[in-house]
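Work through the exercises below with the sequence and the 3D structure at hand. Each task is followed by a solution in steps.

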Amino acid sequence: MAAIRRMALGAVALAAAASLAAPGLAVAGKHRSDPPVRQPMLIQPIPESELRPAAPRVPVEPVPTRRPAAPAPGQDRFYDASAPGMPRLQRANEALAGFPVDRAGFVDWVRALGEKRIAPRAGVGPVPDPAPHDLDVVMRNTKEMPWVRFPHLAHSQWLDCASCHPAPFAEKAGAATITMERIFRGEACGMCHGKVAFPAWNQCERCHSVASAGTTGAAAGGR
Ligand code: HEC
Ligand code: HEC
Ligand code: HEC
């Protein structure tokens, strides 16, 4: 009995000594009693003789903003080169020289329309021109991405309201449940984007253009 009491007293004395030595680590049972082990040096300094100067940074090439007059590589690959009409066919580079392009190199049709480089017709017959409708819908279910601005003006310049209302979109902001997966599957915005309008896979910022908490709209995506 006496021996046990002495042992317990000894333990108290030890704990007191440890708390004196390292007051910050005085939590009973949690402090380490041994001095920290020195790790062997894993990263060895490179000997002076083997040092090479760092390669200079490659400057980022400016992205072209206009379609060049020269043929784009592979622009004729969709045509039958042996077809008799081939020589008379207007080439894409002739038709599109000087057209504005977006960051990914796709013709920016909204700007082309604004610059009056194109004048699309509403239909073959006497169809009234679509009435421009200037209403932006900001969509905020974008996780860490900037919010999406859906511009009615850019769309209603060439699309009838019936292209989108009542299907696939109800005429009510916030009604649609849109995800990128659906868009990539060709649903919602993907009905057109990726088919007849610019695709969604590398120009995130054309849709995700509204800065939200912690993001800058224009800085999203790409290069
Ligand atoms: C390219 C597709 C598209 C076209 C074309 C289109 N809309 Fe929309 N419209 C939308 C989308 C997307 C929304 C938002 C739906 C949502 O948030 O769920 C919307 C929402 C609306 C709303 C609801 C706005 C609100 O604040 O609740 C109205 C009204 C509307 N559109 C009218 C029109 C009219 C009028 C036209 C024709 C001039 C038109 N839309 C053409 C896609 C389109
Ligand atoms: C019915 C077809 C259609 C649908 C559906 C559609 N778009 Fe578009 N969108 C177009 C066309 C056509 C253009 C113009 C051509 C281009 O820029 O490639 C365009 C252009 C745009 C632009 C460019 C505007 C600018 O000023 O440069 C944005 C942004 C855009 N769409 C967002 C969306 C979003 C977001 C949705 C889904 C809520 C959507 N679109 C659904 C056809 C559509
Ligand atoms: C054609 C327009 C368009 C383009 C281009 C686009 N997005 Fe989206 N994105 C949307 C719309 C619309 C939503 C749904 C917003 C809502 O419902 O509030 C969305 C939602 C999202 C979401 C949240 C929902 C989800 O699917 O997880 C993420 C993350 C996202 N986008 C990432 C991206 C990235 C990354 C890119 C570029 C590779 C991109 N988006 C390009 C239109 C676009």
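Helices (H or I, at least four residues) and strands (E, at least two) are DSSP runs, numbered from the N terminus. The model is predicted: local features need pLDDT of at least 70 and side-chain atom pairs count only at pLDDT 80 or more, while totals for chains, interfaces and linings use all residues. Residues are numbered from 1 along each chain as its sequence is written, and chains are lettered from A and ligands numbered from 1 in the order in which they are written.

**Exercise 1. Place Lys116 and Ala188, and describe their backbone and exposure.**

Step 1. Lys116 lies in the loop between α3 and β1; Ala188 is in the loop between α5 and α6.

Step 2. Most residues other than glycine have a negative phi, and most peptide bonds are trans. Lys116 has a positive phi, near 60°, and the phi of Ala188 is also positive, about 50°.

Step 3. A residue is buried if 20 or more other C-beta atoms, placed from the backbone, lie within 10 Å of its own, exposed if 12 or fewer, and partly exposed in between. Lys116 is exposed because 7 other C-beta atoms lie within 10 Å. Ala188 has 18 such neighbours inside 10 Å and therefore counts as partly exposed.

**Exercise 2. Describe the setting of Leu135.**

Step 1. Leu135 sits in the loop between α3 and β1 (136–139).

Step 2. It has 10 C-beta neighbours inside 10 Å, so Leu135 counts as exposed.

Step 3. Phe150 is 15 residues away along the chain, and its C-alpha atom is separated from that of Leu135 by 8.4 Å.

**Exercise 3. Find the cis peptide bonds at Pro166 and Pro168.**

Step 1. His165 and Pro166 are joined by a cis peptide bond, with omega about 5°.

Step 2. The bond between Ala167 and Pro168 is also cis, with omega about 5°.

Step 3. Pro166 belongs to the loop between α4 and α5, as does Pro168.

**Exercise 4. Which residues surround ligands 1, 2 and 3?**

Step 1. A residue is near a molecule if its C-beta atom, placed from the backbone, lies within 6 Å of it. For classes, Ala, Val, Leu, Ile, Met, Phe, Trp, Tyr, Cys and Pro count as nonpolar, Asp, Glu, Lys and Arg as charged, and the others, Gly among them, as polar.

Step 2. Ligand 1 has 19 residues around it, the closest being His133, Cys161, Cys164, Ala173 and Ala176. Helix α4 (residues 152–156) gives the most to this shell, three residues. The classes are ten nonpolar, seven polar and two charged.

Step 3. Around ligand 2 there are 20 residues, of which Val110, Ala154, Cys189, Cys192 and Ala197 come nearest. Two or more residues each come from α3 (109–114), β2 (148–151), α4 and α6 (204–207), and β2 has the largest share, three. The shell divides into 16 nonpolar, three polar and one charged.

Step 4. For ligand 3 the number is 23, with Met139, Asn141, Thr179, Cys204 and Cys207 nearest. Both α5 (180–184) and α6 supply at least two residues.

**Exercise 5. Where is confidence lowest and highest?**

Step 1. pLDDT is the predictor's confidence in each residue, from 0 to 100. The chain averages 81, and 78% of the residues score at least 70.

Step 2. The lowest mean, 44, belongs to helix α1 (residues 2–21), and the highest, 97, to α5.
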